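Grab a pencil and have a look at the model below. The exercises that follow walk through it one step at a time.

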Amino acid sequence: MLALALANPAIPPAPAVTPPPSRTILALDLGTRTGWAVLPRSGRIASGVTEFRPGRFEGAGMAFLRFEKFLADLNRDAGPFDAVVFEEVRAHAGTLAAQVYGGFLAHLTAWCERKAAPYLGVPVATIKRHVTGKGNAPKEDVIRAVRAQGFLPKDDNEADALALLAWAIANEIGGAQ
């Protein structure tokens, strides 16, 4: 009887805990008011909105310095990133919006190059189609779709970042989970 028990030891059940993701992804909706979402190795998605508007007595370059500090802080807390994805805007409402976007994009891509972090721009229509099923969905539909996934975005910038992160995860950007 004892020999039989030792010959067939009971195999303990597998743990019910899901292993953390094997990748870290940062998703950004670039602008003076940047929406962000991050999938860290812990697996707990974090998101928010950060304002980079320069103060009354500051030069315009302060927004970009704050943005680089923001990236460094996120990298320290949740990185290093296996992928950085950003909303690729091809048409802007005005010249200033295009210039601001271009400035943030230049600083982001330079930062990614320094950190050897792969980066990818994703067209707005692709993100909207993924989360709502419609490439030209209004902002309200994106917010509603992100809320249906269990998130509570503060505004459309955060909703866009969360939708972009969902797209990146679904498309195995940064490696398979």
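**Exercise 1: the running order**

In what order do the elements of the protein run from the N terminus on?

*Solution.* Start with the ground rules: this is a predicted model, where local features need pLDDT of at least 70, side-chain atom pairs count only at pLDDT 80 or more, and totals for chains, interfaces and linings use all residues. Residues are numbered from 1 along each chain as its sequence is written, and side-chain values use heavy atoms, with hydrogens and water left out.

Now read along the chain: the order is α-β-β-β-α-β-α-β-α-α-α. That gives 6 helices and 5 strands. Helices (H or I, at least four residues) and strands (E, at least two) are DSSP runs, numbered from the N terminus.

**Exercise 2: confidence**

Find the mean pLDDT of the protein, then look at residues 1–6.

*Solution.* First, pLDDT is the predictor's confidence in each residue, from 0 to 100. Its mean here is 86, and 86% of the residues reach 70 or more. Next, residues 1–6 have a pLDDT below 50, and beyond near neighbours in sequence this stretch has 0 contacts in the model (contact means heavy atoms within 4.5 Å).

**Exercise 3: Val85**

Is Val85 buried or exposed, and which residues does Val85 touch?

*Solution.* Step one, place it: Val85 sits in strand E4, residues 83–88. Step two, check its accessibility: the relative accessible area of Val85 is 0%, so Val85 is buried. The cut-offs are under 20% for buried, over 50% for exposed and in between for partly exposed (1.4 Å probe, protein chains only). By that rule, 38% of the 177 residues of the protein count as buried.

Step three, list the partners: leaving aside neighbours within four places in sequence, Val85 is in contact with Ile25, Leu26, Ala27, Leu28, Leu120, Leu164, Ala168 and Ile173. For a distance, try Asp29: Val85 and Asp29 are 56 residues apart in sequence, yet 8.9 Å apart in space, C-alpha to C-alpha.

**Exercise 4: two helices crossing**

At roughly what angle do the axes of H4 and H6 cross?

*Solution.* The axes of H4 (residues 124–132) and H6 (residues 156–170) come within 9 Å and cross at roughly 80 degrees. Axes are lines fitted to C-alpha atoms, for helices over the stretch in contact, and angles run from 0 to 180 degrees between N-to-C directions. That makes H4 roughly perpendicular to H6, a label that covers 65 to 115 degrees.

Now see who meets whom: Thr126, Ile127, His130 and Val131 in H4 meet Asp160, Ala163, Leu164, Ala166, Trp167 and Ala170 in H6.

**Exercise 5: Asp156**

Which side chain makes a polar contact with the side chain of Asp156?

*Solution.* Asp156 is in helix H6, and at 18% relative accessibility Asp156 counts as buried. Its side chain makes a polar contact with the side chain of Lys139, at 2.9 Å. (A polar contact is a pair of N or O atoms within 3.5 Å; within protein, one must be able to donate a hydrogen and the other to accept it, and residues adjacent in sequence count only if both atoms are side-chain atoms.) Leaving aside neighbours within four places in sequence, Asp156 is in contact with Asp29, Lys139 and Ile143.

**Exercise 6: positive phi**

Where is Ala116 found, and what is its phi?

*Solution.* Ala116 belongs to the loop between helix H3 (95–115) and strand E5 (119–123). Its phi is positive, about 55 degrees, although Ala116 is not a glycine. At 67% relative accessibility, Ala116 counts as exposed.

Notes
Parallel < 35°, antiparallel > 145°, perpendicular 65-115°, else oblique.
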